[in-house]
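The following paragraphs introduce a structure to a reader who meets it for the first time. Please consult the sequence and the structure while reading.

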Protein chains: 2
Amino acid sequence: MTRELVISLDAMGGDHAPEIVIEGASIARERVPSLKFLIFGDETKIVPLLTRFPILKNCCEVFHTDKVISADERPSQALRRGRDSSMGQSIQAVKDDKACAAVLAGNTGAQMALAKFILRTMEGIDRPALASLIPTSRGESVMLDLGANVECDENNLVQFAIMGAAFARTVLGVVKPTVAILNVGVEELKGSDVIKEADRMLREANIPMDYKGFTEGHGLGGGEVDVVVTDGFTGNIALKTAEGTAKMIANLLKRSLMESILSKIGALFASSSLQSLKNHLDPNNHNGAVFMGLNGLVIKSHGGASAKGFAAAIGVAVDMAENDLAGKITRDLTNFKNTIEETDEDEADETVIEMNIKEQT
Amino acid sequence: MTRELVISLDAMGGDHAPEIVIEGASIARERVPSLKFLIFGDETKIVPLLTRFPILKNCCEVFHTDKVISADERPSQALRRGRDSSMGQSIQAVKDDKACAAVLAGNTGAQMALAKFILRTMEGIDRPALASLIPTSRGESVMLDLGANVECDENNLVQFAIMGAAFARTVLGVVKPTVAILNVGVEELKGSDVIKEADRMLREANIPMDYKGFTEGHGLGGGEVDVVVTDGFTGNIALKTAEGTAKMIANLLKRSLMESILSKIGALFASSSLQSLKNHLDPNNHNGAVFMGLNGLVIKSHGGASAKGFAAAIGVAVDMAENDLAGKITRDLTNFKNTIEETDEDEADETVIEMNIKEQT
């Protein structure tokens, strides 16, 4: 077994578990033949399913767990009773270096709590964040935090920017990603004090990113920047608003195209073009959010994802593991810390100079 | 002059002033023949324009002002020097009962500051909010606050809910509008303390609305509720994200439909259906945000609105003025206050009972 490409899966998470988890793993395995899986969950349900996927069956190990974390379990409950659940065990496999990443669907709060507890936060990161790719008219952008932290301070936002830039360099392949903070206006005088302070800190930071200041909600769809930084409350609402709007327009478009014989004919002629647009906007094709800032890779799939969607989340795990996301973040954090210390020294020097001037006058 | 249908206009606000303001007023006048206008701004620019609109010319008065508030002026600057500007004077006309509503485009922060200073906040409202209609797949919903208050407490959110419900009853014609607070999840345990407390207060309130608890970003496009309540930061970002997403999809759709001869033929057949969808999503057709909670009606138009868009904002002003929005809010606030006082009395009664029990035991 190549250590790098072993992925642990919580077979019991998500709306259609364990079916879509197993089928998704099978699709991912077809794409990346060197993949191996550790599958955690109820073996009486998993083993019969595997008979339908003989190739997958030969490259996975099933570990039975009795406990399953339900969709409505509170994070605190999950922490108390969840360590030997399928969710806890699949994360533990990453901690124990048996898997290079865990992919889980379902209860986000419980996942976050367990992942944080088992893997601990990276040095230099106060709070992990949930990051994902979002579709834009230019391609894709990275957005974070998508809901791990309802309230954030300026240090959190700066750390999110560093982690988001590392994500973009890893997955989008941009050498110096453009980064901006989501705000109600692009002028520096707008927004909360937290946002203004994070903006100031990022302007002065020495990190491989092209910091652009603020971006507005309008800029998300246009792909104005590679990385959009925001707190988990706003990020969650912006992401879901974008998804909801896309769905609304798709419904309205369908209704419009079915309203007359002429438009039905039109839809028929344009069907292949409409299908490719549908694919670009399908959340399943952008599935796989990353809990950034932990000592180990944990990827969250949409609870309602299809098998194809779950396979996309496994794809994100493979990308992250192969391209050393954690290494990038650690190096950028160190650089950032050094900048701050230099600035502090500069400021200290200036203070000394000022004191000397005062003494002389 | 019928007092009710005089509208004051800041002719100098917005990206294409005064042209689109004058043309927009002319379109609105065609729709509502009883409309009259008081137009404030640079008469050397306004008067020549009016020669192109003889009917409008006969139902408006032009008041010259030298000062204009620029798009990047800070609210504090606008307050210091803006009272005799075209913006300040058009709001003053509402204060002086010369107009039943003011319609302004451009600098939102300056408008808010001047409107609040000149008209003052209604009794029972701590902070005014910006409310508007948003397109959904069911029709339209009301959303507030869209950016007047970057940070809000629970009392602000409750007051926004009361004002938003009055807006929906006035403009959407719903007797008992459904209302929800925007949150990162629909479970009561999610979100900030402010949101949870506002949720609790609204559950207990006695107001003509059907309070539904929390709604997520996904629900906006689907028109899950008639009124979506949120703080100004989140609301501004959600609104602009929805608009940006709609624009992105329109661009992608256009590109898809132009990519092959077949799809071009399809687009031709479906053109009338696609046009009606475009109209439904065009922000110009939902233009006209209301500064709610002031002693007087002030309607804000998008700075980049077309003449048709500006006419839509005037249409909102007419709706609000004719349907006694202010009266509805005042009555609901009084009812809400009574509920709270009753609850306080009930709690006081319970305390007395408890004390009696303790004394007896």
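Helices (H or I, at least four residues) and strands (E, at least two) are taken here as DSSP runs, numbered from the N terminus. By that rule, chain A contains 14 helices and 11 strands. The structure is a predicted model, in which local features need pLDDT of at least 70 and side-chain atom pairs count only at pLDDT 80 or more, while totals for chains, interfaces and linings use all residues. Residues are numbered from 1 along each chain as its sequence is written, and chains are lettered from A and ligands numbered from 1 in the order in which they are written.

The overall form of chain A may be considered next. Its C-alpha trace spans about 85 × 60 × 35 Å along the principal axes. The radius of gyration is taken over C-alpha atoms, and the globule rule is 2.2 Å times the number of residues to the power 0.38. For 361 residues a compact globule would have a radius near 21 Å, and the 23 Å of chain A agrees with this. A residue is called buried if 20 or more other C-beta atoms, placed from the backbone, lie within 10 Å of its own; such residues make up 54% of the 361 in chain A. Two residues are in contact if their C-beta atoms, placed from the backbone, lie within 7 Å. Of the contacts in chain A between residues at least 6 apart in sequence, 73% join residues at least 24 apart.

The relation between the chains comes next. Copies are superposed by least squares on the C-alpha atoms of residues with pLDDT of at least 70 in both. A turn of 180 degrees, with a shift of 0.0 Å along the axis, lays chain B on chain A with an RMSD of 0.0 Å. That is the relation of a two-fold axis. In chain B, the C-alpha nearest this axis belongs to B:Gly266, at 1.8 Å.

Chain B and chain A contribute 55 residues each to their contact. On the side of chain B that touches chain A, at least two residues come from each of α9 (217–222), α10 (232–257), α11 (261–269) and α12 (271–281). The largest share, 21 residues, is supplied by α10(B). Because 100% of the interface residues of chain B are also interface residues in chain A, the copies meet through the same surface.

Finally, confidence: pLDDT is the predictor's confidence in each residue, from 0 to 100. Chain A has a mean pLDDT of 88, with 92% of its residues at 70 or more. Over residues 350–361 of chain A, however, the pLDDT is below 50, and this stretch has zero contacts beyond near neighbours in sequence. The model scores ipTM 0.82 and pTM 0.84.

Note on methods
Buried ≥ 20, exposed ≤ 12 C-beta atoms within 10 Å, placed from the backbone.
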